[in-house]
Amino acid sequence: MDLYEHQAKELFQRHGIEVPAGGVATTPAEAREIAAGLGTPVVVKAQVRIGGRGKAGGIRAAPGPAAAEEEAGHVLGMDIKGHRAHAVLVEAATVPDAEFYAAYLVDRAEGAFLAIVSRHGGMDIEEVAATSPDAVARVPVAPLTGVDAATARLLAERAGLPDEAAGTLERLWRVMVEEDALLVEVNPLIRTAEGRIVALDGKVTLDDNAAFRHERPEQALSAGLEDRARAKGLNYVKLDGRVGVVGNGAGLVMSTLDVVAGAGAAPANFLDIGGGASAQVMADGLEIILSDPDVRSVLVNVFGGITSCDAVATGIVSALDQLGERGLARPIVVRLDGNNAEAGRRVLGEAAHPAVRQVPTMDGAAELAAGLAAGA
């Protein structure tokens with residue numbers, strides 16, 4: 001599971017790594033309040049699980065609270081490579097005296113860990129690695145020995161980092177092993193004019209297979225939803241997006257995930273209700289999806305085959321009746337095609353449920369669901 005920057009920095013702080021002071025905002029007003037509390041110039045940073053935020057305009061400087069509110073208004077809702085920014089990190093602007101790069105990752109080919117450290121950091125680290133490979137130290141780390149203080153000093157020396165960075169390299173290793181991470185990356189890791197070593201950014205990928213060893217709200221949510229779906233006989237996988245997806249048949253659901261991503265949104269789940277779409281199956285599926293607080297809209301994409309679309313539509317109407325107010329919680333976009341599609345659309349039209357929007361094409365349905373999720 002990839003963490004957002006602010007979540008990665010929370011782990012860093014837990015292990016004694018310095019990060020800029022700040023807070024997470026989901027509205028421009030909250031961004032203004034956080035900036036006022038910091039009392040310094042700030043940086044407003046889109047919280048998306050993808051690189052390239054800076055070049056896309058998702059990282060903006062603000063000299064004070066009013067500017068922070070304005071910049072947050074620009075960043076919130078921004079689409080960055082198909083990832084929508086639903087939150088921003090507002091943190092104290094920190095001026096670097098020097099920028100570095102540091103990462104630990106699992107090297108599956110070698111059956112070991114790999115440390116990658118460079119005296120060059122920032123947005124162009126990929127270019128540095130390609131054009132000046134000698135400027136990037138790539139050092140295997142044996143799982144049984146790891147990175148102790150002596151090893152951290154050797155890493156810093158080999159990469160050309162200042163001596164004071166060695167302690168941070170050692171603590172980053174503790175994040176890697178104690179949090180069961182597959183990747184821990186800081187770019188840039190900076191030194192300030194006062195000699196402080198600060199993680200100005202952070203990227204962490206956690207091993208989902210080790211979730212049972214940790215108390216993490218997001219992982220607990222994912223496991224809880226998947227366990228509930230399994231108990232109801234549903235084929236459900238929790239994902240990281242905002243558009244809930246229901247379909248009949250694994251191939252159709254996979255295609256729907258791709259179309260949602262192509263519409264500029266990220267799917268919140270994979271849910272295959274199989275060949276049958278009875279009222280109870282549909283109710284169970286929608287109940288699981290609507291229990292996910294990340295979901296902002298739902299896309300039901302069904303191709304009628306063995307089960308005709310009018311039966312599917314009757315199942316949707318019955319499911320929404322069973323769910324009551326929970327069925328009104330998010331907009332539900334429905335696309336029906338195949339066997340008895342017209343009859344199915346009439347069933348939904350006559351029911352006139354306020355949460356349901358009908359769209360005849362898969363692309364159109366995905367675009368509407370993505371737009372509704374972005375505007376929620």
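Me: Angles here run from 0 to 180 degrees between N-to-C directions, and the model in front of us is a predicted one. At about what angle to β1 does helix α2 run?

Reply: Helix α2 covers residues 28-38 and lies across three strands, namely β1, β2 and β6. The direction of α2 is compared with that of β1, and the angle between the two is about 170°.

Me: Those three strands belong to a sheet that also holds β3. In what order do the four strands stand?

Reply: Strand β1, residues 22-25, runs antiparallel to β6 and is joined to it by four bridges. On the other hand, strand β2, residues 42-46, pairs with β6 in the antiparallel sense over five bridges. With β3 added, the sheet is open and its pairing is antiparallel, in the order β1-β6-β2-β3.

Me: Which two strands stand at the edges of this sheet?

Reply: In the order β1-β6-β2-β3, we look for the strands that end the row. An edge strand here has a single partner strand, so one side of it is left without a neighbour in the sheet. From one strand to the next the twist averages 20°, and the strands at the edges are β1 and β3.

Me: Which residue of β6 stands opposite V43?

Reply: It helps to collect the named pairs along β6, where G23 has V90 as its bridge partner. A46, in turn, stands opposite V88. For V43, the residue that stands opposite in β6 is E91.

Me: How many of the five residues of strand β6 are buried?

Reply: A residue counts as buried when its relative accessible area is under 20%. Strand β6, residues 88-92, is largely enclosed by the rest of the structure, because the number of its residues that are buried is five of the five.

Me: Helix α1 also packs on the sheet. About what angle does its direction make with that of β6?

Reply: Helix α1 spans residues 5-14 and, in packing on the sheet, touches β1, β2 and β6. The angle that its direction makes with the direction of β6 is about 50°.

Me: Helix α2 also packs with helix α3. How far apart are their axes?

Reply: Two packed helices are described by the angle between their axes and the distance between the axes. Helix α3 covers residues 65-75, and α2 passes it in a right-handed crossing, at an angle of about 145°. The residues that meet include A31 and A35 of α2 and A68 and A72 of α3, and the distance between the axes is 8 Å.

Me: Are helices α10 and α11 roughly parallel or roughly antiparallel to each other?

Reply: The axes of α10, residues 309-323, and α11 come within 7 Å and cross at roughly 20°. Among the residues that make the contact are A313 and V317 of α10 and V347 and L348 of α11, and by class the contact has nine nonpolar, two polar and one charged residues. Angles under 35 degrees fall in one class, and therefore α10 and α11 are roughly parallel.

Me: How are α8 and α12 oriented, oblique to each other or roughly parallel?

Reply: The axes of α8, residues 250-262, and α12, residues 362-375, come within 9 Å and cross at roughly 55°, in a right-handed crossing. The contact is made by L252, S255, T256, V259 and V260 of α8 together with M362, D363 and A366 of α12. Roughly parallel requires an angle under 35 degrees and roughly perpendicular one of 65 to 115, and α8 and α12 are therefore oblique.

Me: D180 and N340 each have a positive phi although neither is glycine. Is N340 buried, partly exposed or exposed?

Reply: D180, with phi near 55°, lies in the loop between α6 and β10, and its relative accessible area of 16% makes it buried. N340, with phi near 60°, lies in the loop between β17 and α11. Since the class between 20% and 50% is partly exposed, and N340 has 39% relative accessibility, N340 counts as partly exposed.

Me: Is the peptide bond from N187 to P188 cis or trans?

Reply: P188 has its place in strand β10, residues 181-191. The omega of the bond from N187 to P188 is near 5°, and the bond is cis.

Note on methods:
Residues numbered from 1 in each chain as written. Predicted model: local features only at pLDDT ≥ 70, side-chain atom pairs only at ≥ 80, totals over all residues. Heavy atoms only, no water. Buried < 20%, exposed > 50% of the residue type's maximum accessible area, 1.4 Å probe, protein only. Pairing = 2+ DSSP bridges. Parallel < 35°, antiparallel > 145°, perpendicular 65-115°, else oblique. Left-handed = near helix turned anticlockwise from the far one by under 90°. Contact = heavy atoms within 4.5 Å. Nonpolar A, V, L, I, M, F, W, Y, C, P; charged D, E, K, R; others polar.
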